[in-house]
Amino acid sequence: MIRHAVSALALMGLVAGAAVTTAVAAPPAKTAAPALSTTEAQDMAAVQAYLKNIKSLRARFNQVAPNMAVSSGTLSLEKPGKLRFEYEPPSPLLVVADGKIITLVDYDLKQVTRWPINDTPLRALVRSDIIFGQDVQVLRMRRNADRINVAIVDPKKRDEGTMMLTFSRNPLKLTEWEVVDERGASTIVALDDLETNVDLSKSLWSFKDPRPQRGGPPTK
């Protein structure tokens, strides 16, 4: 049952693929950070400032898992560490992070599984003090007149794979991310109707526990 839950998290790009296997692959070799031109450095600074200025956000999301399963729902995020992926039916899943722990709730299986959010690729989005080049390593940057793509990795947890952040220009806005694990499995999350620095209810960071033996008020 736990293996099923962790596999589900991996399919959503929320934990490293290595977490669901019995043999852990060797970490990728370190890659030197690319040298940036003046305009690339300016774009990188703008992206970092944009991310740091986001205190909270709400958006519609469309997700494509490695098995090509497509799901949709609403994403709510509040720094530091809080987020909620509320999936639409027929998905029975809910993902909630309370600041430290990310929880997968499967209402079909009546199962709750927890994971430290700092052990997931999403920590780059939920931290309030992220610094490119220190907290995360920039692997590559691609730019054109419409978009900026930045591929990042945690230098201390390289075996968790990479994350590609996509931003639109004019105005600068996060539109998509892609998590690629060390085996090349890709999870893409595209955002629509993004609102930033919105008021979010504290109730979003709790959930109704589906386990019969632990019924009662919402659980953190």
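**An open antiparallel sheet with buried aromatic pairs**

Strands E7 and E8 make a hairpin, with 3 residues sitting between the two. In this predicted model, the E7 and E8 pairing is antiparallel and spans 6 bridges. One of the contacts puts Arg 142 across from its bridge partner in E8, Asn 149.

Stepping back, the chain contains 3 helices and 11 strands. Going along the sequence, these elements come in the order α-α-β-β-β-β-β-β-α-β-β-β-β-β. Of the 220 residues in the chain, 46% are buried.

The strands come together in an open sheet of 11 strands, paired antiparallel and ordered E6-E5-E4-E3-E2-E1-E11-E10-E9-E8-E7. The edges belong to strand E6 (111-116) and strand E7 (137-143); each has a single partner strand, so one side of each has no neighbour in the sheet. On average, and with direction ignored, neighbouring strands of this sheet are turned by 20 degrees against each other. Elsewhere in the sheet order, E10 and strand E11 (residues 186-196) run antiparallel and are joined by 5 bridges. Here Glu 176 is found opposite Ala 190 of E11.

Aromatic side chains turn up in several places, with 5 aromatic pairs in the structure. Take Tyr 50 and Phe 167, an edge-to-face pair with 6.0 Å centre to centre and 90 degrees between the planes. This pair ties together distant parts of the chain, since Tyr 50 belongs to helix H2 (residues 38-53) and Phe 167 to strand E9, 117 residues apart. Tyr 50 has a relative accessible area of 14%, so this residue counts as buried. Phe 167 is buried too, at 0% relative accessibility.

Phe 85 and Trp 177 make another edge-to-face pair, this one at 6.4 Å centre to centre with 85 degrees between the planes. Again distant parts of the chain are linked: Phe 85 lies in strand E3 (residues 82-87) and Trp 177 in strand E10 (residues 173-180), 92 residues apart. Phe 85 is buried at 2% relative accessibility, and Trp 177 is buried with a relative accessible area of 4%. Both residues are also part of one aromatic cluster, made up of Phe 61, Phe 85, Tyr 87 and Trp 177.

Trp 177 shows up once more in the lining of the largest cavity, together with Leu 51, Ile 54, Leu 57, Leu 75, Leu 77, Lys 79, Leu 125, Leu 174 and Leu 191. The structure holds 2 cavities of 30 Å³ or more, and the largest has a volume of about 60 Å³. Strand E2 (70-78) and E10 each give at least two residues to the lining of the largest cavity. By type, that lining has 9 nonpolar residues, no polar ones and 1 charged.

Turning to pockets, the second largest encloses about 260 Å³ of space. Its lining counts 18 residues, and those closest to the centre are Arg 123, Asp 135, Val 136, Val 153 and Asp 154. Helix H3 (123-126), strand E8 (147-153) and strand E9 (162-168) are the elements that contribute two or more residues to this lining. The mix is 8 nonpolar, 3 polar and 7 charged residues.

A few backbone features round off the picture. Most peptide bonds are trans, and most residues other than glycine have a negative phi. The bond from Pro 89 to Pro 90 is cis, with omega near 15 degrees, and Pro 90 lies in the loop between E3 and strand E4 (93-98). Asn 170 and Pro 171 are likewise joined by a cis peptide bond, with omega about 5 degrees. Pro 171 sits in the loop between E9 and E10, and so does Asn 170. Asn 170 also has a positive phi of about 50 degrees, although this residue is not a glycine. At 73% relative accessibility, Asn 170 counts as exposed. Lys 110, another residue other than glycine, has a positive phi near 55 degrees. Its place is the loop between strand E5 (101-106) and E6, where Lys 110 is partly exposed, with a relative accessible area of 44%.

Notes
Residues numbered from 1 in each chain as written. Predicted model: local features only at pLDDT ≥ 70, side-chain atom pairs only at ≥ 80, totals over all residues. Heavy atoms only, no water. 1 Å grid on protein atoms, 1.4 Å probe; cavity = no way out; pocket = protein on both sides within 12 Å on 5 of 7 lines; lining within 4 Å. Points joined across faces, edges and corners; volume = space filled by probe spheres on them. Helix = DSSP H or I, 4+ residues; strand = E, 2+ residues; numbered from the N terminus. Nonpolar A, V, L, I, M, F, W, Y, C, P; charged D, E, K, R; others polar. Phe/Tyr/Trp six-rings, centres within 6.5 Å; stacked < 30°, edge-to-face > 60°. Buried < 20%, exposed > 50% of the residue type's maximum accessible area, 1.4 Å probe, protein only. Pairing = 2+ DSSP bridges. Axes fitted to C-alpha atoms, helices over the stretch in contact; angles between N-to-C directions.
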